[in-house]
Amino acid sequence: MALSVSGLSAVRSGRIVLHDTTLQFSPAERVGLVGASGSGKSTLGHALVDALRARGERVAFVPQSPDDALDPLRSMDFHWQEAERALDLSHDRARREALFAALAIGHGDLCKRPWGWSRGMQQRFVIALALIGSPVLIVLDEPTSALDPVVAADTMDLLDNTLDGTDTAALLITHDLGLAARRVERLLVMDGGRVVEDAPTAQLLAHPQSQAAVSLAAHRSWVSLPC
Ligand SMILES: Nc1ncnc2c1ncn2[C@@H]1O[C@H](COP(=O)(O)OP(=O)(O)OP(=O)(O)O)[C@@H](O)[C@H]1O
Ligand SMILES: [Mg+2]
């Protein structure tokens with residue numbers, strides 16, 4: 001069943017930074033949210049997660065940096081157990097091993113703290129944490145921009161493979177149209193706190209309508225990037 005949310009908006013310091021917005025996702029749909037810095041992408045992502053959680057939907061959020069998700073004083077095993085507890089899930093070693101294998105972190109030592117893992121492994125662990133409860137939607141806010149391009153591309157490939165065959169929809173927030181274009185079937189373009197365009201990826205790249213989409217599509221240096 002499609003997931004639909006309306007009435008998303010936000011005011012910061014007395015200024016409307018997100019105008020009344022409605023979003024819809026089909027099961028398993030991959031959607032990109034692109035726009036210039038400050039256009040309101042993260043604000044919309046947070047408003048979406050808050051609204052869906054308020055009505056009891058299982059929604060996961062992956063921040064830009066694993067530092068925002070992991071406590072440096074706690075072991076990876078502690079984080080995993082905390083996530084299971086938070087979702088009222090009993091400990092399931094097979095589920096963990098399947099997610100770790102899918103995200104290529106099966107070799108990670110769970111007794112170590114986050115800084116004992118590489119950044120790429122940490123971010124893949126955060127993605128595994130996000131998927132632990134089979135969410136209806138995973139929102140990823142610039143999930144690979146803190147990683148080098150090769151690790152970023154590998155991480156996105158692993159995420160795609162892990163989501164394949166599930167009903168989890170994904171919203172990939174990025175200022176990088178190139179990254180989004182390779183990964184999603186539909187693109188939303190934000191400008192000035194509004195979604196100004198919502199179109200299938202190929203159509204938007206070929207025939208951008210809004211000024212914001214035209215500007216993004218005009219910067220085609222992304223064609224040769226690995227991710
Ligand atoms: N706590 C805050 N107080 C005041 N203004 C804020 C606050 N948080 C965000 N804003 C403003 O809201 C607008 C949208 O910010 P937001 O972080 O959602 O943009 P973004 O598209 O995610 O940008 P970026 O690509 O840089 O992450 C910006 O103009 C920003 O300055
Ligand atoms: Mg942002």
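Arginine 182 sits in helix α6 of this predicted model. Arginine 182 is partly exposed, because 18 other C-beta atoms lie within 10 Å of its own, and a residue counts as buried if that number is 20 or more. Threonine 201 is 19 residues away from arginine 182 in sequence, and the two C-alpha atoms are 8.8 Å apart in space. A pair with the sequence separation of 19 residues can also be found at histidine 107 and valine 126, where the C-alpha atoms are 15 Å apart. Histidine 107 belongs to the loop between α3 and α4. With 7 other C-beta atoms within 10 Å, histidine 107 is exposed.

Between α6 and threonine 201 the chain passes through a hairpin of strands β7 and β8, with two residues between the strands. The pairing of β7 with β8 is antiparallel and runs over six bridges. Aspartate 191 faces arginine 194 of β8 across this pairing. Glycine 192, in the hairpin, has a positive phi near 55°.

The hairpin strands belong to an open sheet of six strands, in the order β4-β5-β6-β3-β7-β8, with mixed pairing. At the edges are β4 (59–62) and β8 (194–200), each of which pairs on one side only. On average, neighbouring strands of the sheet are turned by 20° against each other, with direction ignored.

At the β4 edge, β4 and β5 pair in the parallel sense over four bridges. Two opposed pairs can be picked out here: alanine 60 stands opposite isoleucine 138 in β5, and phenylalanine 61 stands opposite valine 139 in β5. Which way do the residues of β4 point? Val59 and Phe61 point one way, Ala60 and Val62 point the other way, and all are buried. In a regular strand, side chains alternate between the two faces of the sheet.

Two helices can be followed onto this sheet. Helix α4 packs on the sheet and touches β4 and β5, and its direction makes about 170° with that of β4. Helix α8, residues 211–218, also packs on the sheet. The strands touched by α8 are β3 (30–35), β7 (186–191) and β8, and the direction of α8 makes about 115° with that of β7.

The packing leads to the nonpolar core. The largest such core has 57 residues, and those with the most contacts inside it are Leu33, Ala130, Ile138, Val139 and Val189. Helix α4 gives the most to this core, with eight residues. Isoleucine 138 shows what these contacts look like for one residue: leaving out residues up to four places away in sequence, isoleucine 138 touches Ala60, Val62, Ala130, Leu131, Thr168 and Ala170. In soluble globular proteins, nonpolar side chains tend to be buried together.

Helix α5 gives a view of burial along a helix. This helix covers residues 149–163, 15 residues in total, and reaches 21 Å from its first C-alpha to its last, close to the 21 Å expected at 1.5 Å a residue. Its buried residues are Ala152, Thr155, Met156, Leu159 and Thr162. Viewed down the axis of α5, these residues fall within an arc of 125°, so they line one face of the helix. An α-helix has 3.6 residues a turn, so residues three or four places apart point the same way. The cover over the buried residues of α5 includes α3, α4 and α6 (177–183). Val150 and Asn161, on the other side of α5, are exposed. After α5 comes glycine 165, which has a positive phi near 85°.

Positive phi values also appear at residues other than glycine. Aspartate 88 has a positive phi of about 60° and lies in the loop between α2 (76–86) and α3 (93–102). Serine 134 has a positive phi near 45° and lies in the loop between α4 (119–131) and β5 (137–141). How exposed are aspartate 88 and serine 134? Aspartate 88 is exposed, because it has 7 other C-beta atoms within 10 Å. Serine 134 counts as partly exposed, because it has 13 C-beta neighbours inside 10 Å.

Terms used:
Residues numbered from 1 in each chain as written. Chains lettered and ligands numbered in written order. Predicted model: local features only at pLDDT ≥ 70, side-chain atom pairs only at ≥ 80, totals over all residues. Buried ≥ 20, exposed ≤ 12 C-beta atoms within 10 Å, placed from the backbone. Core = buried A, V, L, I, M, F, W, Y, C linked by C-beta atoms within 7 Å. Contact = placed C-beta atoms within 7 Å. Expected span 1.5 Å × (residues − 1). Arc of directions from axis to C-beta. Pairing = 2+ DSSP bridges. Axes fitted to C-alpha atoms, helices over the stretch in contact; angles between N-to-C directions.
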